[in-house]
Amino acid sequence: MSTTTLSNATFDEEIGAASTPILVDFWAEWCGPCKQIAPVLEEIANENEGSLAVAKLNVDEAPDIARRFGVMSIPTLILFDGGEPAKRIVGAKPKAALLEDLADYL
């Protein structure tokens with residue numbers, strides 16, 4: 001499984017229906033650090049299939065959702081567990097640091 005792309009239309013349904021924790025990458029096309037972290041998130045999604053899902057939400061296409069969760073800078077990663085925000089990671093980090101931040105959910 002790779003990352004899922006979320007939109008205004010699918011966000012609430014996907015987050016609410018997730019059977020595993022879901023890490024949402026709030027990103028934008030013009031964001032350099034977002035592009036750097038994308039392949040790392042893809043790896044994490046593939047390596048943790050079944051225990052963690054990874055999704056992306058383009059903040060330019062869904063600004064209302066970004067505002068709802070107080071996303072002020074990107075990349076911002078919010079881990080949703082049981083449909084609720086459980087952890088927030090702001091900024092691009094190396095894979096090892098991300099895995100350490102997510103260890104409680106893997």
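In what order do the elements of the protein chain run from the N terminus on? The order is β-α-β-α-β-α-β-β-α. The notes below refer to a predicted model.

1. Overall fold. The secondary structure of the protein chain comes to four helices and five strands. Helices and strands take turns from the N terminus on until a β-β step, and the run then ends in α.

2. Size and packing. The protein chain has 106 residues and a radius of gyration of 12 Å. A compact globule with that number of residues would come near 13 Å, so the value agrees with a compact globule. The C-alpha trace spans about 30 × 30 × 20 Å along its principal axes. Of the 106 residues, 41% count as buried.

3. Contacts and surface. Take the contacts between residues at least 6 apart in sequence. Of these, 69% join residues at least 24 apart. The protein chain exposes about 5,500 Å². Carbon and sulfur atoms supply 50% of that area.

4. Helix H2, geometry. H2 covers residues 32-47, which makes 16 residues. From its first C-alpha to its last it reaches 24 Å. The expected figure is 22 Å at 1.5 Å a residue, and the two are close. There is a bend of about 30 degrees at alanine 38. Proline 39 follows within four residues of that position.

5. Helix H2, buried face. Cys34, Ile37, Val40, Leu41, Ile44 and Ala45 are the buried residues to look at in H2. An α-helix has 3.6 residues a turn, so residues three or four places apart point the same way. The buried residues of H2 pack against three strands: E2 (22-27), E3 (53-58) and E4 (76-81). Helix H4 (95-102) is also among their partners.

6. Glutamate 47. This residue sits in helix H2. Its side chain makes a polar contact with the side chain of lysine 95, at 2.7 Å. Glutamate 47 and leucine 23 are 24 residues apart in sequence. Their C-alpha atoms are 14 Å apart in space.

7. Aspartate 25. Buried or exposed? Aspartate 25 counts as buried because its relative accessibility is 0%. Its place is in strand E2, one of the elements that the buried residues of H2 pack against. Leaving aside neighbours within four places in sequence, aspartate 25 is in contact with Leu41, Ala55, Lys56 and Leu57. Pro75, Thr76 and Leu77 are also on its contact list. Leu41 is itself one of the buried residues of H2.

8. Asparagine 58. Strand E3 holds this residue. Asparagine 58 has a relative accessible area of 10%, so it is buried. Its side chain reaches the backbone nitrogen of aspartate 60 at 2.8 Å. Not counting residues up to four places away in sequence, asparagine 58 touches Trp27, Ala28 and Glu29.

9. The cis peptide. Which residues does a cis peptide bond join? They are isoleucine 74 and proline 75, with omega about 0 degrees. Proline 75 lies in the loop between helix H3 (63-68) and E4. Aspartate 25 is in contact with Pro75.

10. Phenylalanine 80. This residue lies in strand E4. At 1% relative accessibility, phenylalanine 80 counts as buried, because the limit for that class is under 20%. Not counting residues up to four places away in sequence, it touches Phe11, Ile15, Pro21, Ile22 and Val24. Phe69, Pro85 and Ala86 are also among its contacts. Alanine 66 is 14 residues from phenylalanine 80 in sequence, and the C-alpha atoms are 14 Å apart.

11. Proline 85. Strand E5 (residues 84-90) includes proline 85. Its relative accessible area is 45%, so proline 85 is partly exposed. Not counting residues up to four places away in sequence, it touches Phe69, Ile78, Leu79 and Phe80. The C-alpha atoms of proline 85 and valine 24 are separated by 9.8 Å. Along the chain, proline 85 and valine 24 are 61 residues apart.

How values were computed. Residues are numbered from 1 along each chain as its sequence is written. This is a predicted model: local features need pLDDT of at least 70, side-chain atom pairs count only at pLDDT 80 or more; totals for chains, interfaces and linings use all residues. Side-chain values use heavy atoms; hydrogens and water are left out. The expected span of a helix is 1.5 Å times one less than its number of residues. The bend at a residue is the angle between axes fitted to the seven residues ending there and the seven starting there. Buried means under 20% relative accessible area, exposed over 50%, partly exposed in between (1.4 Å probe, protein chains only). Contact means heavy atoms within 4.5 Å. A polar contact is a pair of N or O atoms within 3.5 Å; within protein, one must be able to donate a hydrogen and the other to accept it, and residues adjacent in sequence count only if both atoms are side-chain atoms. The radius of gyration is taken over C-alpha atoms; the globule rule is 2.2 Å times the number of residues to the power 0.38. Accessible areas come from the Shrake-Rupley method with a 1.4 Å probe; for residues, only the protein chains shown count as cover.
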